[in-house]
Amino acid sequence: MALSCIWLMFFFSLFGHGVLELIEAFHHVYLNVHQTAQYSTSGNQPYRTSYHFQPPNNWMNDPNGPMLRLGIYHLFYQYNPKAAVWGSNLIWGHSTSTDLVNWTPHDPAIYPSQQSDINGCWSGSATILPGGHPVILYTGIDPENRQVQNLAAPKNFSDPFLREWVKFKHNPLLTPNSKNKINATYFRDPSTAWLGSDGNWRVIIGSQKKERGLAILFKSNDFVHWEEAEKPLYSANKDTGMWECPDFYPVLFKSPLGIDTSSNGPDVRYVLKVSFFRTPHDYYMIGTYNPDKDIFIPDNGPFKDSSLRYDYGKFYASKTFFDDKYPLHRRILWGWVNESSSAIDDIKKGWSGVQAIPRSIWLDKSGKQLLQWPIKEIETLRGTQIELPYQVLSGGSVLEVSGLTAAQADVVISFEISDFIKAEVLDSSWTNPQVICSRKDAIVKGGLGPFGLLVLASEGLQEYTAVFYRIFKGHNKYVVLMCSDQSRSSLNQDNDKTTYGAFVDVDPVQEKLSLRSLIDHSIVESFGAEGKACITARVYPTLAINDAEAHLYVFNNGTENIGITRLSAWSMKKAQIN
């Protein structure tokens, strides 16, 4: 009998039929709550996005279980059906797409219906079993408020939209107890599982022990009975706090193609990503995986404050999946972007949280970091295009880019520098890029910079978000700093207007400095040096709030001239989302 048939028969036997009636009863209860407890999002909504994923209303956080099956993309997400603020009794929202741009909503996929998740269905991941059968491992909150791990599968594997899910009748699969000594408050977010050459599945779950984060490894030969490995896949060597939403996946060396999560071989490196609950930021390391010892060995030592990040702005609880749709074969990254507005304002507008534009992610040719770029499909929304010819932007000048919808745009610009004499010397104590960007924001004149974009700007520049570069003279090289300055983004002082920054590994003498910003009403996603550094910001202007009142400028507040070698900007059309 084919292996896929064996798996299918096995899962039907596990999930049973009696539990379906119970789940369907809870489904009707939660659907009624979902339909009646919504806040109104009609009327004036200047901050609602037009091409970023978000539900019609209420609270959304972590992306869960993204996958491709039968040509259809699935995105599940943490959702509070009752309010526009976080609540522990979360459910799994569910939408599908054929292009990762336009999304169709479905009924909630997973919601409290068993003792093992009666107080909330928290984050988890999807794994495709042999035969193309998807299953979900997720964290449930039980009656004692313990974090336990549960299993769910589609009710009908032949449904391409996977609209109904049933739970394993013997959930939970994993429970903290006195024997395993796992802290019941710090045991959540199972990863996508990978299959080893020994035929055993492996999965990691985030935890902490004595304030040190760890990715606990479990093994199973049937995806139901799991045993903890002797050692974690990896653990912190200092007090990092809880590691949430761990993600572990292979990347090809010197190739942008993605590969299946269970792949291994001589040209394969591995990425371990964890979400630091304390910060909150997503950090990652590149290294090797020893399948015999089941340990991850990072190239550059343990996690630290200066470790690599996917995004140096607002971007958390991220999750990747392998997209094997021919001829793409790519790994795609999702990430939650929370609000910077107050909870009171979130309640007024009736919603909170968006997902970043899905990004293709691959290993840079240096092998030292990952590169990220918005999926190609987002370019189908490009409308009216504006092109500016090569020109020199003199020190202290501002140039408006007109003729497009500046509140809903895609902007690509490249700069070149011909004279580096006036580059400021980088103080050896300036090691934190965010601090440098905060102290040397867009209005602080320098030699080479700040130069870049003023987005979501009002006509008189009372409001704007500045995304820019500065170039410093370091030890035997020039150092490029990328900043996203939100300090003047809004006249509303109740918003979090933190400035973000990142060092960019690029040689400005040999290479042009490129910058791409996706602007969508209250979110600005910026990609520096072809995806070597990414910064996402949430902003809420009071003046530059629509296409008529929002403006886009290129600026140079340094003393030296900067060349603009390319500027292409597009108005973006509205996607059909939920």
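This report covers one strand with its pairings, two cis peptide bonds and two residues with positive phi in a predicted model.

**Strand β31 and its partners**

Strand β31 spans residues 448–457 and is mostly covered, with 10 of its 10 residues buried. It is joined by 6 bridges to strand β32, residues 465–473, and the two run antiparallel. Within this pairing, L453 has V467 of β32 as its bridge partner. A further 5 bridges join β31 to strand β38, residues 551–556, also in an antiparallel arrangement. Here Y553 of β38 stands opposite L454.

**Backbone geometry**

Strand β31 also contains P450, and the peptide bond leading from G449 to P450 is cis, with omega near 10°. Another cis peptide bond links T279 and P280, where omega is about -15°. P280 is placed in the loop between β16 (268–276) and β17 (281–290).

Two residues that are not glycine have a positive phi, as listed below.

| Residue | Phi | Loop between |
|---|---|---|
| E211 | about 70° | β11 (201–209) and β12 (212–220) |
| A529 | about 50° | β36 (523–528) and β37 (533–538) |

Are these loop residues buried or exposed, or partly exposed? E211 has a relative accessible area of 35% and is therefore partly exposed. A529 has a relative accessibility of 10%, so it counts as buried, because the cut-off for buried is under 20%.

Notes
Residues are numbered from 1 along each chain as its sequence is written. This is a predicted model: local features need pLDDT of at least 70, side-chain atom pairs count only at pLDDT 80 or more; totals for chains, interfaces and linings use all residues. Side-chain values use heavy atoms; hydrogens and water are left out. Buried means under 20% relative accessible area, exposed over 50%, partly exposed in between (1.4 Å probe, protein chains only). Helices (H or I, at least four residues) and strands (E, at least two) are DSSP runs, numbered from the N terminus. Two strands pair if DSSP finds at least two bridges between them.
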